[in-house]
Amino acid sequence: MLSGALLVSALALVPSAKAADGPALLEAKCASCHAENGDGTYTRIDEGRRTPEGWFMTLVRMERNHDVKLTDDERRTLVRHLADTRGLTVAETEGSRYILEKDPVSWDEGPTQELTEMCSRCHSWARVTLQRRTKDDWDKLMHFHLGQFPTAEYQALARDRAWWDIAQNQMVDELAERFPLGEAPDASTADLSGTWAVAGVQRGQGPYHGTMSVAPKDGGMLDVSVDLTYDNGTTLSQSGTGMLYGAGEWRATLSGAGTDYRQVLALSEDGETLTGRWFETEQDVIGGAMTAVKTDAAPRVVAVAPTHLRQGASTRVTVTGVGLDGEPDFGEGVTATVVERTPETLVLDVAADGAAQTGPRGVSVGGQSMEDAFVVYDGIDRLTVEPAVTFARVGGNGGPIPKVPAQFEAIGWMNGPDGQPMTEDDIRIGAMPAEWKTDNFDATAAALEDAKYAGQIGDGGLFTPGPAGPNPARVKGTNNVGNLSVIASVFDGGREVEATGQLYVTVQRFVDPPIR
């Protein structure tokens with residue numbers, strides 16, 4: 001099992017894991033099987049490029065399947081060296097980063113039905129896209145799958161098609177065309193030390209802003225400390241170590257308030273902005289989207305929170321950015337009064353008059369603008385539960401695998417100019433405070449009393465599943481799994497708006513690789 005603890009150990013790094021040791025360690029540990037080609041490249045190794053997590057998974061497979069002996073320090077050093085010399089550009093990972101960031105609100109499928117059936121019924125399609133190979137190596141990967149998992153296609157009910165013929169004679173060519181090896185990018189030399197202005201949203205907790213301080217230490221590592229303040233008044237401090245891999249892959253291992261966290265962020269080409277997600281190491285559903293900008297970067301607006309205001313109402317708004325100098329402007333019909341200000345943070349009292357134009361609008365401070373940063377609305381036309389369909393997993397109860405919760409939000413919408421719901425011009429207002437409950441999804445769930453046993457949902461939309469293990473109180477002593485409706489209620493202008501999502505509460509994930 002590729003545990004989260006092992007991945008943290010591999011990617012966190014320690015001072016002894018020096019990049020200069022990488023080539024020598026590659027020669028010592030890998031060259032006995034992978035021949036050196038005379039130009040510094042190695043068979044198979046240089047026929048592919050991967051993310052740090054991808055190289056980590058490759059090394060663990062070498063240890064597990066081929067008895068390669070690696071200490072923790074050696075594994076860390078090799079991951080760093082391979083990611084630096086045989087990695088991907090950030091641009092090559094776009095559209096697939098959700099699987100690295102453990103984003104619980106994402107949809108994964110291949111671009112064609114055959115690619116979905118062939119690849120992403122066993123793992124995510126993003127796992128395929130986060131690598132580059134030669135055509136010969138894609139072909140070897142197909143043969144590897146056949147050798148390692150000879151019954152997988154039959155277990156997936158694929159007896160109705162000539163799946164091996166499709167895999168060998170169609171998929172190899174298509175994968176080689178979509179994801180050719182190409183040139184490995186140079187490792188970034190950006191200096192990340194200094195202070196960063198940070199903003200984001202944690203589902204269930206709401207928007208936050210703060211600072212991240214980064215300082216160099218031995219072995220190419222960086223000391224990291226993060227201080228966050230949420231709009232609801234709570235605070236969170238995290239500290240630990242981080243490192244920049246390859247062309248712009250930032251990874252950090254942090255702790256705070258007795259909890260371990262991971263940061264998975266991407267660095268912009270100019271070296272001034274990091275974007276991605278942080279999450280709890282043991283419960284990656286719990287975490288937040290994050291944008292960080294160096295405080296000495298060019299002035300800009302990074303985030304506005306909250307992102308919506310009803311006509312005729314007022315609220316406290318925080319604008320986060322760098323070099324924030326000048327008067328704030330939310331557009332016609334909306335006034336903004338400065339309560340507090342620093343170059344990185346503006347705290348404002350914002351009011352929309354009863355005739356303010358509804359819809360998204362830009363927000364500017366001085367000459368710096370952020371488009372579609374704020375929505376004025378006159379009412380909630382409909383509500384959706386986000387994610388619309390998701391999973392939670394039982395766990396704990398004395399076992400080694402913790403529960404996996406599910407975090408929901410209630411999203412308000414306005415009908416667009418056409419006045420019709422669920423059309424392309426609908427306007428997303430944003431997350432709304434809601435009351436939450438669960439119910440049995442269908443007659444089968446009701447007969448099994450799923451809502452009674454599968455778990456509970458709290459006021460913030462966080463669903464906590466039941467304990468693992470057979471439950472003698474249930475029919476046939478089954479586990480505390482279930483099929484539930486998740487119901488959100490929002491009160492807007494004296495009326496109640498309701499929406500329903502679906503939650504499958506299922507068993508533990510016993511094998512949890514870094515790239516699922």
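## Cavity

In sorting residues by character, Ala, Val, Leu, Ile, Met, Phe, Trp, Tyr, Cys and Pro count as nonpolar, Asp, Glu, Lys and Arg as charged, and the others, Gly among them, as polar. On that basis, the lining of the largest cavity in this predicted model divides into five nonpolar, four polar and two charged residues. The lining consists of R50, T51, P52, A83, G87, L88, T93, Y245, G246, A247 and E249. R50 and E249 belong to this lining and are its charged members, because Arg and Glu both count as charged.

Rolling a probe the size of a water molecule over the atoms shows where empty space is left. The structure holds one cavity of 30 Å³ or more, and the space in the largest cavity is about 50 Å³.

## Aromatic rings and charges

Ten aromatic pairs are present in the structure. One aromatic cluster is formed by Y208, Y230, Y261 and W278.

Two arginines are placed over tryptophan rings. R133 has its charged end over the ring of W138, at 5.4 Å from the ring centre. R382 lies over the face of W413, and here the distance to the ring centre is 4.8 Å.

## The three-stranded sheet

The strands β19, β22 and β23 form an open sheet in the order β19-β22-β23, with antiparallel pairing. Its edge strands are β19 (382-386) and β23 (427-432), each of which pairs on one side only. From one strand to the next, the twist averages 30 degrees.

Five bridges connect β19 with strand β22 (residues 409-414) in the antiparallel sense. Within this pairing, E386 of β19 has E409 of β22 as its bridge partner. The R382 and W413 contact also joins these two strands: R382 lies over the face of W413, with R382 in β19 and W413 in β22.

E386 is also one side of a cis peptide bond, which joins E386 to P387 with omega at about 0 degrees. P387 lies in the loop between β19 and β20 (389-393).

## The four-stranded sheet

A second open sheet has four strands in the order β12-β18-β17-β14, and its pairing is mixed. The edge strands are β12 and β14 (328-329), and each pairs on one side only.

Strand β12 (residues 308-310) pairs with strand β18 (residues 368-377) in the parallel sense, over three bridges. In this parallel pair, the bridge partner of H308 is V375 in β18, and that of L309 is V376. Strand β17 (residues 359-365) and β18 run antiparallel and are joined by six bridges. R361 has F374 in β18 as its bridge partner. The hairpin of β17 and β18 has two residues between the strands, and G366 in this hairpin takes a positive phi near 60 degrees.

## Backbone exceptions

Most residues other than glycine have a negative phi, and most peptide bonds are trans. A257 departs from the first pattern: its phi is positive, near 55 degrees. A257 is located in the loop between β7 (249-256) and β8 (259-267). E249, part of the lining of the largest cavity, is in β7.

Which bond leading into P306 is cis? The peptide bond from A305 to P306 is cis, with omega near -5 degrees. P306 is placed in the loop between β11 (300-305) and β12, and β12 is an edge strand of the four-stranded sheet.

Key. Residues numbered from 1 in each chain as written. Predicted model: local features only at pLDDT ≥ 70, side-chain atom pairs only at ≥ 80, totals over all residues. Heavy atoms only, no water. 1 Å grid on protein atoms, 1.4 Å probe; cavity = no way out; pocket = protein on both sides within 12 Å on 5 of 7 lines; lining within 4 Å. Points joined across faces, edges and corners; volume = space filled by probe spheres on them. Phe/Tyr/Trp six-rings, centres within 6.5 Å; stacked < 30°, edge-to-face > 60°. Lys NZ or Arg CZ within 6 Å of the ring centre and 35° of its normal. Pairing = 2+ DSSP bridges. Axes fitted to C-alpha atoms, helices over the stretch in contact; angles between N-to-C directions.
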